[in-house]
Amino acid sequence: MINKIDETRKNFDDDLLKINNLSSLEDLRIKYLSRKGTVSQLFESLKDVPKEEKPKVGQALNKLKIHTQSKFDEMQEKLKENNSASEKFLDLSLPGRLHTIGSKHILTQTLDEIKNIFRGLGFSVHEGPELESDYNNFEALNFAPDHPARDMQDTFFVTEKFLLRTHTSPVQVRLMTEKKPPLRAIMPGKVFRNEAISAKSYCLFHQVEGLYVDTDVTFAELKGTLVAFAKQFYGQDVKYRFRASFFPFTEPSAEMDVWWQPKGKSGRWLEVLGCGMVDPNVLRNVGIDPEKYTGYAFGMGVERTAMLKYGIGDIRILFDNDKRFLTQF
Ligand code: DAH
């Protein structure tokens, strides 16, 4: 029996030398230390040992048990440590993972640029809600009750009295109602039109509204400001013109055109914004005395402005989220 114990210990030590991972260590545990393992079997056969030898054999068996168990524990500890060390190991020679860096959408970039230019000209930036009242969007802006823009075909009505704003001009009404002149602000934001979608028009787009109200504001100042903007935005040599126009909320009204010259093709005039002197009716509607104050206003489409500047032919591509297009800017 003592011989068997010595032999088991020797075999165990030999086997242990061959262990190099946790799964072979598990095999070793099953072979020696499990319920059916060699060490347990030896304990089983203790009952057949003659009485007088039992203390000696028992002692030797206990020693074997302690030896194998402690060697097993030691090895397990060591292998686990190695394992987590290899998990933590950082191979600096591996090529890095490529992270594509995002960029601002071309419309956001255009809006930022427009805002910066007008900030430089002394304008602050105000925003208003996309869900507007019929009053702010139309009535206060001097739209006659039967004006075609009020038709369901052009406007997304939410209820009879509320709608998705069709332009940023209602923010003028909000600003003039909330604050007293002098006022000088631009008002950027999304607007919505119930229009057939095509290369030229989309149901959603962005506008930047401008407003300046003070004593003695003149049309010449309006022109000066818009020309200064156009030169900064499109370039010093931009070709522009003002045409007489009509808007219910301005009198007189005008539109500004910019010459569009695609390379190798014939150029043409493109309308970039509407503008005019704030109609006295609008001033009255917001509680500003038109005898004391005058003002000018303008409104431009951001998509159109970006398309003109960057030579983009189809408005829909601005809303497609096609990375092949977006990453060009
Ligand atoms: N709100 C007009 C539109 O959506 C644009 C506009 C024209 C705004 C003239 C103005 C303005 O402030 O004075 O077509």
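This is a chat about a predicted model, covering its largest pocket, two helix pairs and one loop residue.

Trainee: Let's start with the largest pocket. How much space lies in it?

Mentor: About 1100 Å³. It has 44 lining residues, and those closest to its centre are Arg-193, Phe-205, Glu-271, Gly-301 and Arg-304.

Trainee: Which elements give two or more residues to that lining?

Mentor: Two helices, α7 (169–178) and α10 (302–310), plus the strands β5 (204–214), β6 (240–247), β7 (250–260), β8 (268–278) and β9 (294–301).

Trainee: And where does the largest share come from?

Mentor: From β8, with 8 residues.

Trainee: How do the lining residues divide by class?

Mentor: There are 20 nonpolar, 14 polar and 10 charged ones.

Trainee: Back to α10 for a second. Which of its residues are buried?

Mentor: Val-302, Glu-303, Thr-305, Ala-306, Met-307 and Leu-308. The cover over the buried residues of α10 includes the helices α5 and α8 (219–234), along with β5, β7, β8 and β9.

Trainee: What comes right after α10?

Mentor: Gly-311, and its phi is positive, near 65°.

Trainee: You mentioned α5. At what angle do the axes of α5 and α10 cross?

Mentor: At roughly 95°, and the axes come within 10 Å; α5 covers residues 106–120. Angles from 65 to 115 degrees count as roughly perpendicular, so that is what α5 and α10 are to each other.

Trainee: Which residues make that contact?

Mentor: On the α5 side, Ile-106, Leu-107, Thr-110, Leu-111, Glu-113 and Ile-114. On the α10 side, Val-302, Glu-303, Thr-305, Ala-306, Lys-309 and Tyr-310. By class, this contact has 7 nonpolar, 2 polar and 3 charged residues.

Trainee: Switching to the start of the chain: how do the axes of α1 and α2 cross?

Mentor: At roughly 170°, coming within 11 Å, where α1 is residues 2–18. An angle over 145 degrees counts as roughly antiparallel, so α1 is roughly antiparallel to α2.

Trainee: What does each helix bring to that contact?

Mentor: Thr-8, Asn-11, Phe-12, Asp-15 and Leu-16 come from α1, while Leu-28, Lys-31 and Tyr-32 come from α2. Those divide into 4 nonpolar, 2 polar and 2 charged.

Trainee: Last one: where does Ser-34 lie?

Mentor: In the loop between α2 (22–32) and α3 (38–44).

Trainee: Is Ser-34 buried or exposed?

Mentor: Buried, because its relative accessible area is 16% and buried means under 20%. Leaving aside residues up to four places away in sequence, Ser-34 touches Arg-29 and Ser-40.

Definitions and conventions
Residues numbered from 1 in each chain as written. Predicted model: local features only at pLDDT ≥ 70, side-chain atom pairs only at ≥ 80, totals over all residues. Heavy atoms only, no water. 1 Å grid on protein atoms, 1.4 Å probe; cavity = no way out; pocket = protein on both sides within 12 Å on 5 of 7 lines; lining within 4 Å. Points joined across faces, edges and corners; volume = space filled by probe spheres on them. Helix = DSSP H or I, 4+ residues; strand = E, 2+ residues; numbered from the N terminus. Nonpolar A, V, L, I, M, F, W, Y, C, P; charged D, E, K, R; others polar. Buried < 20%, exposed > 50% of the residue type's maximum accessible area, 1.4 Å probe, protein only. Contact = heavy atoms within 4.5 Å. Axes fitted to C-alpha atoms, helices over the stretch in contact; angles between N-to-C directions. Parallel < 35°, antiparallel > 145°, perpendicular 65-115°, else oblique.
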